[in-house]
Every structure is written in C-alpha cells, then in structure tokens.
Amino acid sequence: MASNTKPQIMNWTEEHDSVFCREIIFVNPFSAKKKSVQRSALWQKVADTLNGITDPVFYVDKRSVRDHIGVLVQRFKRKEAKELKESGTNPTKTEVDVAIEQIIAMEESADEQHDLEDGEKKDKMEGDRLKAEEMRRTAMETMGKTQKRKSEEGQSKVKKCRRSGGETVEFLKLKAEQDMNVKKQELDLRKQEQEQMVEAQNQQRDMFKQMIKQQQEQQKQMHDMQSLLMLQQQQQTTALMKIIETLVPK
C-alpha cells in the first residue's frame, strides 16, 4: 500500500545554509560532468549526509539540494550587484556569502576543466580522422601512379593499343588490394575508438562503484556514532537516576 504520509517541509535557516554549503564544498559534486551518473551520485551523497544530521534537521533529496544551491547562488549575485551599485565598494560578507563565492569558483573551475577535456578528446578524434583521410589519399595516389605507369608502358610498346587482358586483371587486382587496405585502416581506427570508449565507460563504472562504497562506509560510521551517543546517553541517565535515588529519602 502507498503511504499517505506527507513529505516533510524543509524550512531553510541561516544555520541550515551554512552547514549545507560546507557539505557541498566537501563533496564537490561539480568535479563530475553535468548530467552524468557520477554527478547525480554526488548530489545524492550530499542529501544523505544532511539528512543524517540531527542539529539542525534536514529533509532533502538530491533534487532539492541541487535546486537550493542554485537559489543561493542567484540570491548572492543579486545582492552583490545591488550593494556594489549602491555603495561602490565590496560589501561585508557573511559566512554563507564566503562559502557561496567558493562554490561558484569551484563550479567555474570544474566547467573549464571539463571543456578542456572534451576539447582534447575532439582534437584527438579529428586528428585520427585526418590521419585516416591522409592514408586513404596516399593509397589512391599510389594507385593512380601505378595506373599511369602501366598506361605509359603500354603506349610505348604499341600506340593506341588497348591494354591486354592480363594488364586489366593486374590493374583490377591492385585496385582491390588498395581498397582493402584502406578499409582495413578504417576498421582499425573504428576499433581503436570503440576500445577507448569501452575503457572510458569501465573507468566511469569503477569510479561510481567506489563512490557508492565510500558512501556506505560513511553511513555505517555515522550509524555507529549515533548508536554510541545513544548508549552514552542511556548510561548517563542511569547514573543520574542512581544519584537521585541516593539523595531522595526513603
């Protein structure tokens, strides 16, 4: 049966924002590419950690933390622009303002790094494509030179004489070999690209597994810590009750 329990409404305070920003700086979800499985997992990690805090209490998921940091960044930028326009000097910043500045810098730096990596990958693919085209062009030129040489040899022997059947077969054989070499080179290039893609996917999968493992370890550590705190509280309560019993006259 579906639960009728309504989701808890998150009431953001200055204390919530401060803890929230510190956790984002610690996890840095921007280190993974946008719309990737890895970035989604990092946002989920932020949400899970916040929901495990008891003071202040959080009720969030990966979407709400992603949306809220966007709200804080836009609010900060509007505040900066307004105060700079009114006073002409840099305004005094709160702890949350400083954290937001750092988060903005982290995101911009990560975006530049991702763009650089994508550019390098595109450059490599373009280089491989140009290399394949150069190999194809060289093969065609070689075939053309061979054809021209055989034509000149035939003309030197008998002017306006058509190639003999053996020469035609030889030419077609050479052309077939050249075409086969070009196709083989193209297939080798595609195979290399596929291997590189599979390797990248395997690395992403291993990274994701490592993130999940770290997240599980952190959750276990937090659970053990909470259990230890509860045990200490129970021991303190028991000790206090014994003290009260000794003080109260029977």
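**Figure 1. How helices H2 and H3 cross.** Angles of 65 to 115 degrees between helix axes count as roughly perpendicular. In this predicted model, helix H2 (residues 37–51) and helix H3 (residues 62–87) pack at an angle of about 95°, so H2 and H3 are roughly perpendicular to each other. Their axes lie 8 Å apart. To find the place where they touch, look on the H2 side for Ser40, Trp43, Gln44, Val46, Ala47 and Leu50. Their partners in H3 are Lys62, Val65, Arg66 and Ile69.

**Figure 2. Helix H1 against H3.** Here we turn to helix H1, which covers residues 14–27. The axes of H1 and H3 come within 11 Å and cross at roughly 105°, so this pair, too, counts as roughly perpendicular. On the H1 side, the residues that meet H3 are Asp17, Phe20, Cys21 and Ile24. H3 answers with Val65, His68, Ile69, Leu72 and Arg75. Keep an eye on Val65 and Ile69: they meet residues of H1 here, and they also meet residues of H2.

**Figure 3. A look at Phe26.** Is this residue of helix H1 buried or exposed? Phe26 has 60% relative accessibility, so it counts as exposed; the cut-off for that label is over 50%. Now find Val46, one of the H2 residues that meet H3. Phe26 and Val46 are 20 residues apart along the chain, and their C-alpha atoms are separated by 9.1 Å.

**Figure 4. A nonpolar patch on the surface.** Which residues form this patch? They are Leu240, Met241, Ile243, Ile244, Leu247 and Val248. Together they have about 580 Å² of accessible area. Ile243, a member of the patch, is found in helix H5, which runs over residues 165–247. With 46% relative accessibility, Ile243 counts as partly exposed, because that label covers values between the 20% limit for buried and the 50% limit for exposed.

**Figure 5. Stepping back to the chain.** The protein chain has five helices and zero strands, so if you follow the elements from the N terminus on, they read α-α-α-α-α by the helix and strand assignment. Of its 250 residues, 23% are buried. The chain exposes about 19,200 Å², and carbon and sulfur atoms supply 55% of that area. What about contacts between residues at least 6 apart in sequence? Among these, 66% join residues at least 24 apart.

Methods. Residues are numbered from 1 along each chain as its sequence is written. This is a predicted model: local features need pLDDT of at least 70, side-chain atom pairs count only at pLDDT 80 or more; totals for chains, interfaces and linings use all residues. Side-chain values use heavy atoms; hydrogens and water are left out. Patches are made of residues with over 30% relative accessible area and no salt bridge: like charges are joined within 9 Å, nonpolar side chains (Val, Leu, Ile, Met, Phe, Trp, Tyr) within 5 Å. Accessible areas come from the Shrake-Rupley method with a 1.4 Å probe; for residues, only the protein chains shown count as cover. A salt bridge is a side-chain nitrogen of Lys or Arg within 4 Å of a carboxyl oxygen of Asp or Glu. Helices (H or I, at least four residues) and strands (E, at least two) are DSSP runs, numbered from the N terminus. Buried means under 20% relative accessible area, exposed over 50%, partly exposed in between (1.4 Å probe, protein chains only). Axes are lines fitted to C-alpha atoms, for helices over the stretch in contact, and angles run from 0 to 180 degrees between N-to-C directions. Angles under 35 degrees count as roughly parallel, over 145 as roughly antiparallel, 65 to 115 as roughly perpendicular and the rest as oblique. Contact means heavy atoms within 4.5 Å.
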